[in-house]
Amino acid sequence: MSAKTTYQEGELVSLLQQKDNAAFSYLYDHYAGALQGIVRQIVIDEALSEDVVQEVFVSIWRKIDSYDPGKGRLFTWMLNVARNAAIDKVRSRSYQQGLKQKSLDGSELHHPVVRPAGEDVGLRRVLLKLKDEQRQLIDLSYYQGFTHDQIAKELNIPLGTVKTRLRSALSQLRNLLG
């Protein structure tokens, strides 16, 4: 009996919800690299980023029932799980303590600065079409992992203004991508 090599998304989700080990192995084999790339952009330390990816797959296994196909594709949902886990790790007290305890050799950053990877050239071009203010908010929020409150303090503007401007920037980005 040969092993199944591909799944349709709905079939894969159904099997994952049934806690099928073969489907989970398939999911890991086909998506770990992509999720590692997202996590690695946020969690600079390679070994720690690998740990985060393992935690992400455990989380996906446990939370697959919360995936709603009506809200988006499975891969998009997994990317959000991975991105959120990476940001949570960078914001964690233990991670921040680890940064403080490391001896600075000039290559350490206070805030990990993340830019789109080389393969995201199309996204970069679209981001360049946004106003500088909009691009800055998206960079701080989505690539550097700042909370809205942290952005407000960093830019010295009211929290409500940050939320309104970010919502506007995302709307504009959606229009440019659509």
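In the predicted model, the side chains of Asp149 and Lys153 meet in a salt bridge, with a nitrogen-to-oxygen separation of 3.2 Å. Both residues belong to helix α8, which spans residues 148-155, and they lie four residues apart, about one turn of the helix. This spacing agrees with the geometry of the α-helix, which has 3.6 residues a turn, so residues three or four places apart point the same way. The two partners differ in their exposure class: Asp149 is partly exposed, with a relative accessible area of 37%, whereas Lys153, at 62% relative accessibility, counts as exposed.

The structure holds five salt bridges, among them two further pairs that join separate elements of the chain. Side chains of opposite charge can pair when their charged atoms come close. In one of these pairs, the side chains of Glu9 and Arg73 meet at 3.2 Å, N to O, and thereby link distant parts of the chain, since Glu9 is in helix α1 (residues 9-17) and Arg73 is in the loop between α3 (46-63) and α4 (74-91), 64 residues apart. Glu9 is partly exposed at 25% relative accessibility, while Arg73 counts as exposed at 56%. In the other pair, Glu133 and Arg165 form a salt bridge at 3.7 Å, N to O; Glu133 lies in helix α7 (residues 132-143) and Arg165 in helix α9 (residues 159-177), so the bridge ties together parts that are 32 residues apart in sequence. Glu133 is partly exposed, with a relative accessible area of 38%, and Arg165 also counts as partly exposed, at 31% relative accessibility.

Helix α7 contributes buried residues as well, namely Gln134, Leu137, Ile138, Asp139, Leu140, Ser141 and Tyr143. Leu137, which is placed in this helix, has a relative accessibility of 2% and therefore counts as buried, the cut-off being under 20%. When neighbours within four places in sequence are left aside, Leu137 is in contact with Ile151, Leu155, Val162, Arg165 and Leu166. Of these partners, Arg165 is also the residue that pairs with Glu133 in a salt bridge. The C-alpha atoms of Leu137 and Ile151, which are 14 residues apart along the chain, are separated by 7.6 Å. Just after α7, Gly145 takes a positive phi of about 75 degrees.

Positive phi values also occur at residues other than glycine, including Lys19 and Asn156. Most residues other than glycine have a negative phi. Lys19, with a phi of about 60 degrees, is found in the loop between α1 and α2 and is partly exposed at 34% relative accessibility. Asn156, with a phi near 55 degrees, is placed in the loop between α8 and α9 and, at 70% relative accessibility, counts as exposed.

On the surface, Asp45, Glu50, Asp51 and Glu55 gather in a patch of negative charge. Asp45 has its place in the loop between α2 (21-42) and α3, and with a relative accessible area of 33% this residue is partly exposed.

Definitions and conventions:
Residues are numbered from 1 along each chain as its sequence is written. This is a predicted model: local features need pLDDT of at least 70, side-chain atom pairs count only at pLDDT 80 or more; totals for chains, interfaces and linings use all residues. Side-chain values use heavy atoms; hydrogens and water are left out. A salt bridge is a side-chain nitrogen of Lys or Arg within 4 Å of a carboxyl oxygen of Asp or Glu. Helices (H or I, at least four residues) and strands (E, at least two) are DSSP runs, numbered from the N terminus. Buried means under 20% relative accessible area, exposed over 50%, partly exposed in between (1.4 Å probe, protein chains only). Patches are made of residues with over 30% relative accessible area and no salt bridge: like charges are joined within 9 Å, nonpolar side chains (Val, Leu, Ile, Met, Phe, Trp, Tyr) within 5 Å. Accessible areas come from the Shrake-Rupley method with a 1.4 Å probe; for residues, only the protein chains shown count as cover. Lys and Arg count as positive and Asp and Glu as negative; His and the chain ends are not counted. The place of a charge is taken as NZ of Lys, CZ of Arg, CG of Asp or CD of Glu. Contact means heavy atoms within 4.5 Å.
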